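User: I would like to learn how to read salt bridges and chain contacts in a model like this one. Could you take me through them step by step?

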Amino acid sequence: MTQSLDRLVDMPTAEALYLKLLEGVRTLIKDLPQEQVHLVGILSGGAWLAERLQQDLKLPGAMGSLNISFYRDDFDRIGLHNQVTPSEIAFDVVDRHLIVVDDVLYTGRTIRAAMNELFDYGRPASVKLVVLIDRQERQLPICADFSAWQIAEASTGSVVLAKTEQGTFSLHIEPETPDA
Amino acid sequence: MRNPQLNKHGELTHLISTEGLSRDILQHILDTAQTFVPLAERDVKKVPLLRGKSVFNLFFENSTRTRTTFEIAATRLSADVFNLNINVSSAAKGETLLDTIANLSAMQADIFVVRHESSGAPYLIARHVSPDVHVINAGDGRHAHPTQALLDMYTIRHFKKSFSNLTVAIVGDVLHSRVARSNIHALTTLGVAEVRAIAPLTLLPSGLAEMGVKTYTDMAQGLKDVDVIIMLRLQNERMRGALLPSSHEYFKHFGLTQEKLAYAKPDALVMHPGPMNRGVEIESAVADGPQSVILNQVTFGIAVRMAVMSIVAGASS
Amino acid sequence: MRLHLKNARLIDPAASVDRVTDIWMAGGRVASIDHAPDAFTADRVLDVAGKVVMPGLVDLSAQLREPGFEYRATLESELRAAMAGGITSLVLPPDTDPPLDEPGLVEMLKHRARQLDQVNIYPLGAMTVGLKGETITEMAELTEAGCVGFAQADRPVSDTRVLLRAMQYAKSFGYTLWLRPLDPWLARSGVAASGAYASRLGLPGVPQQSETIALHTLFELQRAVGVGLHICRVSSAGGLALIQQAKAEGLPVTCDVSINHAHLTDVDIGYYDTHYRLDPPLRGQRDREALRMGLAQGTIDALCSDHTPVDDDGKQLPFAEAEAGATGLELLLSLAVKWALEDKVPLLDALARVTQGPARVLALSAPAMPPIGGLSVGSPADFCVVDLDAYWTVDRQSLLSQSQHTPFLGMELPAKVLATGVRGRIIWESAR
């Protein structure tokens, strides 16, 4: 029987996890040619993280953001998602090293969609994945190159990243909503 | 009576007319279109959203340009597109509209994009397709051309940001124009300050006041301080004679020249659904001038049609 | 057949009668009311306590589609529908195929009807040959064959010389012309009434002037000639006002309105429902109110079914391409009662519009005809038994007509006909 996420009380704060993420990304990219590295955040949680990482890492290359709603695999079930902000990849992805940033890695379907979308922009040299939290309940063969926190047991509910007006991150657990 | 365009969950499952659609639904279509606009800049302009779906373009009236934009829109969504030009004479050879639809439905069509000369034809079709098939009206008689109105609204929103304080004038053959009707409903729903129609009386239908429109038979008065001018094409094929003496006289009094454009606000938008009759309803200097957003309309048209197809295809059955 | 109806609530608008009593019928006529005739043994006694017995309805316009359009309807099917509606006399417009412009065709029709031996049929002859509006027909021969008047159905005569001559010719013999007020050009290009709703729907409109201009023309010519006119299917407030003026002036005019126009407006078309595709088109609220007022006051002499059978192929088309018309025989009585209930019109007046009123129109048009539409002693025993309080639903199961297209589909209507009798013989009974 899977337990609810909110029983996992020993998870650090979002801010603490962000610092771990920052160090993880720094290590990950240190041997790559810096001008060819671009962060790509998945809207909206991943994009917030990518924005802060972009400031803190002071990368020369612009960051991008991805709205994966056109590449999801659940269109027939749920229809078009309401997310309004469109993807923005203002740089040429060809031969670049992309670091995809997301808040929570769960089944892996979001990352599958993100990769398909990225490749429609061009052929990157490499793609790495960094996430704040890895729930490790994969339904596809996807893994993160770095995660700040791992949740080993299967659990119900969802983890949601929030950002205050001042830019501070926090994590909230939302219980499982029964399917409509 | 529930609007036949909405399913029982209130989702848009057909797009037949802008009339009767809430402001929320119209805004949702415009917002969704906005997310499709950047795709045109990419190398790969497609997204896989409608992969595996079949879109049948059913044009009972010839139209290369509208059909092509729907084709582009569907292709960019990765749908399979099938074009059927059924001109009137082959339909007159015996197959009724409903028989045509039944035959095509048997070929697993997911979306019908329909253009027909009879007002109301898309409603008839929508009543006879199964719940997971969607009808998009590409123009029915004089009644509606909702995707044109939506791309016109998108264009207005793009340049003017807000609808609230706008005065919009529609000039030309309003009587026969489905574009005019769809625009009137969209504009009033989205809350513009004033909608005007300018034309000789022979080209103005009765009942415009009830639709929220002020009528003018003089360009100088009608265009005064207007923010948006939507020019309509003078449709030769729709006029059964005796409505206008000549296009020469029409152009002199109702054609949009630079001189008449000056009555409107200096930043007024000049729009036209196309194709234009230069020298009949609009002067080239205006059509190609700085206030013209006619080409933008065409670009936005693809994104708007992609949005409409995605939204209806995603409605639950 | 000797019939005794017991405890009937007899409503006979022609005699201003509305009371509970007994009625005896023999030899095809009403033998006695209130008191049993001497030495009368009934073949059948019907206890109709709580029910209404009234004269069989007289319907001034019912297309039976025979000859020529049998795939849409036949005499058998439509006469059954008429009987189920309590109708015992029907006037037929001449637009059959071929049109009724020759005595032989009229005789054949009357012969067919006699063989069926059900309701009484009164055909209108074509006013012009082929209904083409060019040459006038042999009106005297047609009258001899059984026509009760002359009409053009829905084909207006555009040549005013022909119209004038037809009036003069008819007047010479004392015949009446039954004409729809349609301007030949304005009426032609529209499928809905000009106005806000037609504009929103993008449907070409028929302006009210199509009716008023036609009426002006008809009355102007009538003033010069003096011929009797029955105006068929008035549909607008403006048209009704002109008819009212003509009557006040003393012109020999009668008129009717269809059940559709007495109840519906253009907005009811909704999302292009072809059941509302009618000729003349449905007009607005103001027009409907004027028509109902006209009916109540008697300016409009008769309410008719305007029965026009259309098959499925004719209706499953876009609105402007669909065929105009609706079935109506079975709805005439119910819709008369519905109107009476809604507008609080006295029942006697309302029922007069479907019995005495149309009977009088017929009597003016065909004076040689024996009088109908009443149930006094000596009247032909044409009657129907009605449960005024019962409601029934208009649906495919309940409709007997071969055409099931009516804008009233799905509605619950008051007044159910339980039995219909012609010449003292019960020709139809509801399954009860």
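Analyst: Let us begin with a term that we shall need for the charged pairs: a residue is called buried when its relative accessible area is under 20%, exposed when that area is over 50%, and partly exposed in between. By that rule Asp301(C), at 8% relative accessibility, counts as buried. Please keep in mind throughout that this is a predicted model.

User: Which residue forms a salt bridge with Asp301(C), and where do the two partners lie?

Analyst: Side chains of opposite charge can pair when their charged atoms come close. Here the partner is Arg360(C), with the closest N and O atoms 3.3 Å apart. Arg360(C) belongs to helix 13 (residues 356–365) of chain C, while Asp301(C) sits in the loop between helix 9 (285–297) and strand 16 (302–304), so the pair ties together parts that are 59 residues apart in sequence. Unlike the buried Asp301(C), Arg360(C) is partly exposed, at 46% relative accessibility.

User: How many residues apart in sequence are the parts tied together by Arg157(B) and Asp31(B)?

Analyst: The side chains of Arg157(B) and Asp31(B) meet in a salt bridge of 2.9 Å, taken from N to O. Because Arg157(B) lies in helix 6 (residues 146–160) and Asp31(B) in helix 1 (residues 23–36) of chain B, this pair ties together parts that are 126 residues apart in sequence. Arg157(B) counts as buried at 16% relative accessibility, whereas Asp31(B), at 24%, is partly exposed.

User: How should I read the salt bridge between Arg26(A) and Glu23(A)?

Analyst: This is a pair within one helix: Arg26(A) and Glu23(A) are three residues apart in helix 1 (residues 14–29) of chain A, which means that about one helical turn separates them. Their closest N and O atoms are 3.5 Å apart. Arg26(A) is partly exposed, with a relative accessible area of 36%, and Glu23(A) is partly exposed as well, at 41%.

User: How many salt bridges does the structure hold over all chains, and which residues are linked in a network?

Analyst: Over all chains there are 39 salt bridges. In chain C, Arg180(C), Arg233(C), Asp256(C) and Asp306(C) are linked in a network of such bridges.

User: What should I look at where chain A touches chain B?

Analyst: One can start with the residues in contact and the area buried, and then turn to the pairs of atoms that meet across the boundary. In this model, 15 residues of chain A are in contact with 19 residues of chain B, and the two chains bury about 1400 Å² between them, 67% of it on carbon and sulfur atoms. On the side of chain A, Phe70(A), Phe75(A) and Leu80(A) lose the most area to chain B, together 44% of what that side buries.

User: How many salt bridges and polar contacts are there between chain A and chain B?

Analyst: Two salt bridges are found across this interface, and three residue pairs are in polar contact. Helix 3 (75–78) and helix 4 (109–121) of chain A each supply at least two residues of the side that touches chain B. By class, that side of chain A has eight nonpolar, four polar and three charged residues. As for a salt bridge between the chains, Arg42(B) forms one with Asp120(A), where the closest N and O atoms are 3.7 Å apart.

Conventions: Residues are numbered from 1 along each chain as its sequence is written. Chains are lettered from A and ligands numbered from 1 in the order in which they are written. This is a predicted model: local features need pLDDT of at least 70, side-chain atom pairs count only at pLDDT 80 or more; totals for chains, interfaces and linings use all residues. Side-chain values use heavy atoms; hydrogens and water are left out. A salt bridge is a side-chain nitrogen of Lys or Arg within 4 Å of a carboxyl oxygen of Asp or Glu. Helices (H or I, at least four residues) and strands (E, at least two) are DSSP runs, numbered from the N terminus. Buried means under 20% relative accessible area, exposed over 50%, partly exposed in between (1.4 Å probe, protein chains only). Contact means heavy atoms within 4.5 Å. Buried area is the accessible area (1.4 Å probe) that two parts lose on being put together, summed over both. A polar contact is a pair of N or O atoms within 3.5 Å; within protein, one must be able to donate a hydrogen and the other to accept it, and residues adjacent in sequence count only if both atoms are side-chain atoms. Ala, Val, Leu, Ile, Met, Phe, Trp, Tyr, Cys and Pro count as nonpolar, Asp, Glu, Lys and Arg as charged, and the others, Gly among them, as polar.
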